[in-house]
Amino acid sequence: MIERIIKAALNNRGMVLLALLAVVGLGVYEYRQLDVEAFPDISPIMVPIFAEADGMAPEEIEQLITYPIETAMNGLPNVALIKSTSAFGMAVIYVYFTDDTDIYFARQLVSERLTSAMGSLPAGLEPPALGPISTGLGQVFLYYLELEEGADTAGLDELTYLRDVNDWIVKRQLQTVPGVTSILSAGGFVLQYQIQVDPFLLHQYGLVIEDISTAVQVNNRNVGGQYLQLNSEEHLVRGIGFLRTLDDIRGITLKTEDGTPVSIADVAEVEYGPELRRGVVTLNAGEEVVSGIVMKLFGANSSKVIEALYEKVELLKEGLPDGVKLVPYYEQADLVDNATNTVKVALLQGMVLVLIVLFVFLGNFRAAIIVALAMPFCALVAVIGMNHFGISANLMSLGGIAIALGLLVDGSIVVTENIHRFMGMKQKEGTTQVELIYAAVKEVGRPIAFAILIVIVVFFPILSFDATEGKMFKPLAYTVMLALAGSIVFALAIGPVLASFLLKAKPKKESAFFRGLLAGYRWLLTAALNAKIVVFLLIAVLIVLAGATLRQLGTEFIPVLDEGSITIDVGMAPSISLEAAEKTIGQITTEIMEVEGVREVVAMIGRPEAGSHPHPINFSMIHIELDSQKEKARIVDELRPRLEAFPGVQVNFSQPIQHLFDEMLSGVRAQLAIKIYGEDLDEIRGVAEEMRSALSGIEGLVDLSVEQSFGQPQLKVLLDHEALARYGVPGDTVLEQVEMAIGGEVVGTLYKNTRRYGIHVRLAPEFRSTPDQLSELFIRSDSGALLRLDQLAKIEQVEGPLQINREKNQRRWIVQGNIQDRALSEVLTDIQTAVAEKVELPKGVFIEYGGQFEQQRRAMKRLSIIVPIVITSIFVLLWIAFHSVRHAAMILFNVPLALIGGVLGLWVTGQYLSVPASIGFIALFGIAMQDAMVLLTDFNDLRREGQSVRDAVINGGMIRFRPVIMTTLTTLFGLMPLLLSHGAGAEVQRPLAAVVVFGLATSTFLTLFVLPSIYEWVERRREA
């Protein structure tokens, strides 16, 4: 079949050239259509549910909202996990589905089940809503608004004005960008029309706060009265009663006393005011700003969304009110560009290095060009396949092409070198150039095809990866296999056709340099053949040392990607107020700004509006932009002791996407998490504190902290049911009054064109600031008597949870930390030992280790199955190719030879045994087979021609020395830029490159000497 392909290509050279041009044109077009990302989106298929319940404490949120919704979601098809957070005023339930579930189908299932669960929720609750159709990495663009000094704010304070501009102008415009699913506002104040009630004036007029609520509602509506036909025209009838101004609200009549109307203005102050907020955004040394978070639609093209956003922002800036500036402070485009540029530069450098190697060793510029053309051709074939399979251009997919770069020319090197060699030999008279090329390609076509096929096959098992590691490494496997498939086509069809046009038959003259190399190789090979026992003992020692070193190497999931910026999670005392938190973060950001190399600091305290994670106000995420990425390590080392010196503050250093990555892995923003499950909050919290004490001091474990979710002071209003019965007051009446008077209630909406603002009723601040004032709240009984709250209820001061987290239908507490300057596996071993020796778990309490360790362990378990399958597959293919078990076993011996260099590469470069490194070993096992197959094929061919075993081994080695060295050097030089690169994303590719570069170097060196020695030793014993 291979011979027929070669012959068909040479007989239809014009069609082959047209096909080549078609592939190039299509590949260029498809490349322009590719989605470009920093690295594959590992986000799970997850549907978030947000339920807001203003004023409710976490205990009520969990009991009345979270648990009923969780229960309703159990049993949905394809549900993998349900997690939830019950915080002050908000519940968030995360429903995770298996990765093969369509996101829109998942949302439909959740929406239907949520509708059926509404009957179990408290009456009057704002209906829960699904979160944005986005992913964990969907925050593609963040910005803040600034106001120039002296700008007109239409009578509003600066932060209220900026929030109004963001909510009603900026967000509405940016939401029109294709691929944007939602924009979340953070910071500033949401404008409300507030009615601040004086309870004593209410009492004077015999009113209660509920009377104001009722009066606003009945005086704030429009109606439609159909139409009147006047003459030949229809005139619509509209009843207009909407409130439009503060004076409209002030003038609403509550009652008439002795003929005199009592209005809202008589018992309350009606002014503009801010909605209760749970988040603040500050810039640099504490200046408060308004921020926006742009969420990308699930599956949208990140690069195109960001490009369209910038175009929209430029248009939007022209239409913003005078004095308002929109400033982007984080966008994934920078990381995307840096990460993809790292690979693109490595690709370009690799191509140049490969071209130099080709020219030096072939000594023929045209032959070098033919081989070099295989690289762009195969890359474009991979691009076409990427679009077909829906793979984005990212660090891993482009890295796959970069990794395969040197391999892409291996087949073409052997074919072109053989054509070049045949053309330099004396041929039979009458042999045409096409016949000569056919004979040359036919000689090496079968081993080349099988060698490349073996490399493709070794990547197939990587496609069996699932979960996070599958999403991360499948793109790499796909692009490698697609590019290598293209290299077979180029080597057997396109390369020979190009050679027929560009190469000419003429005597071949070797350079003095190459003749010297051949002479040196012949001498060393003869020496190795004469001292087989020494060679075999040396190899055995090296294999044992490599195996021992491999066992000593630490393990990790993947190296941390350097994003060029820093994020710091700051945890403060659970009882802290928003104002105190803002002051603390202001001091911290001032400290950060004093460090040289820090360009800008944006801190987000608490949470933005519903649609994001419900962080409490004792949590802040600080985003730091740097002047130079190279200074990052120094800045982190300088900041860590400075910030840890702040009393009562816990810090966790990471990066924007790394934070999200860690949170998606374990539910926390750290590399390692110990989850403690149980039903009693006090019990699992105590276990967590005990664990922190046990783990402190472990080498390599930094940023160790316990979830700060307890210690929120509470005022409990406990109803006295005997007093309620005595005074004839329903308990519900008391609770409603407490809810409205202290917490307030939005009792209506005021419309201004398309903008809408809440009308909020609440006691004035001076009447609700202390427990004593709360006790003086008046309640009206059924008889009309006004009673104080302390006559009907008892008020207690206690402490409770700041938020309650649940997972797997249980309450959960977390101990978390990061790993620094030590392998994850080693740190985890010390942690497990410390927990087993120092922590005693109560009955009903369980622990679970999460984070990157969980993914690394699962990936390594899968690899322990994959590697034997790969080696077995290689053996079967070799058996098919050579029809000989012993020859297949000889070539397979390259696996331990490759292991020697791969382990050496990790040890020399200071890398751990990570998933990328493991994939490097898998790739190396396949790559190492190629030269051995070609070499052994020549040994067999020469023996069939009648040569002795020794002559066949030496002559075969001499014939294939050039292509073996060339294929090795092209692969090495193709990967060298990735190994030496320090650009964004290079950390992920470096372990793989180190394994292949060092492994192939030692494997090829040993192949040139060890394989001939083994071959001669085995074949002579068979002849004997």
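This note walks through a predicted model of one protein chain, from its overall build to single residues.

1. **Overall build.** The chain holds 32 helices and 30 strands. Its C-alpha atoms fill a box of roughly 130 × 85 × 55 Å, taken along the principal axes. Keep that box in mind when reading the distances below.

2. **Burial and surface.** How much of the chain is buried? Of the 1024 residues, 56% are buried. The accessible surface comes to about 42400 Å². Carbon and sulfur atoms account for 55% of that surface.

3. **Contacts along the chain.** Take the contacts with a separation of 6 or more. Residues 24 or more positions apart make up 79% of them. Several of the residues below give examples of such pairs.

4. **Charges.** The chain carries 82 positive and 113 negative charges. The mean positions of these two sets are 15 Å apart.

5. **Helices α5 and α9.** Two packed helices are described by the angle between their axes and the distance between the axes. Helix α5 covers residues 158-174, and helix α9 covers residues 302-319. They pack at about 145 degrees, with their axes 10 Å apart. The crossing of α5 and α9 is right-handed. On the α5 side, the contact is made by Ile169, Val170, Gln173 and Leu174. On the α9 side, Leu309, Lys312, Val313 and Leu316 take part.

6. **Helices α2 and α16.** A second pair joins α2 (residues 13-33) and α16 (residues 467-502). Here the axes come within 10 Å and cross at roughly 115 degrees. This crossing is left-handed. From α2, the residues in contact are Arg13, Val16, Leu17 and Leu20. They meet Ala493, Ile494, Val497, Leu498, Ser500 and Phe501 of α16.

7. **Valine 305.** This residue sits in helix α9, the helix that packs against α5. Is valine 305 buried or exposed? It counts as buried, because its relative accessibility is 2% and the cut-off for buried is under 20%. Its contacts beyond four places in sequence are Val140, Val177, Pro178, Gly179, Val180, Lys296 and Ala300. One of these, valine 177, is 128 residues away along the chain. The C-alpha atoms of valine 305 and valine 177 are separated by 7.3 Å.

8. **Serine 213.** Look for serine 213 in helix α7, residues 209-218. Serine 213 has a relative accessible area of 5%, so it is buried. Which residues does serine 213 contact, leaving aside its neighbours within four places in sequence? They are Met740 and Val747.

9. **Leucine 777.** Leucine 777 is in the loop between α25 (771-775) and β25 (778-780). A loop residue can still be checked for burial. At 6% relative accessibility, leucine 777 is buried. Not counting residues up to four places away, leucine 777 touches Gln737, Val738, Ala741, Leu763, Leu787, Arg788 and Leu789. Glutamate 745 lies 32 residues from leucine 777 in sequence. Their C-alpha atoms are 16 Å apart in space.

10. **Alanine 548.** Helix α18 (residues 532-552) contains alanine 548. Why is alanine 548 classed as partly exposed? Its relative accessible area is 40%, and partly exposed lies between the cut-offs of 20% and 50%, so it falls in that class. Alanine 548 is 374 residues from leucine 174 along the chain. Their C-alpha atoms are separated by 58 Å. Leucine 174 was met above, in the α5 part of the contact with α9.

11. **Two positive phi values.** Asparagine 78 and aspartate 703 each call for a look at the backbone. Phi of asparagine 78 is near 65 degrees, a positive value in a residue other than glycine. Asparagine 78 lies in the loop between α3 (58-73) and β2 (79-87). With 37% relative accessibility, asparagine 78 is partly exposed. For aspartate 703, phi is near 55 degrees, again positive in a residue other than glycine. Aspartate 703 is placed in strand β21, residues 701-706. Its relative accessible area is 6%, so aspartate 703 is buried.

Conventions
Residues are numbered from 1 along each chain as its sequence is written. This is a predicted model: local features need pLDDT of at least 70, side-chain atom pairs count only at pLDDT 80 or more; totals for chains, interfaces and linings use all residues. Side-chain values use heavy atoms; hydrogens and water are left out. Helices (H or I, at least four residues) and strands (E, at least two) are DSSP runs, numbered from the N terminus. Buried means under 20% relative accessible area, exposed over 50%, partly exposed in between (1.4 Å probe, protein chains only). Contact means heavy atoms within 4.5 Å. Accessible areas come from the Shrake-Rupley method with a 1.4 Å probe; for residues, only the protein chains shown count as cover. Lys and Arg count as positive and Asp and Glu as negative; His and the chain ends are not counted. The place of a charge is taken as NZ of Lys, CZ of Arg, CG of Asp or CD of Glu. Axes are lines fitted to C-alpha atoms, for helices over the stretch in contact, and angles run from 0 to 180 degrees between N-to-C directions. A crossing is left-handed if the near helix is turned anticlockwise from the far one by less than a right angle, and right-handed if clockwise.
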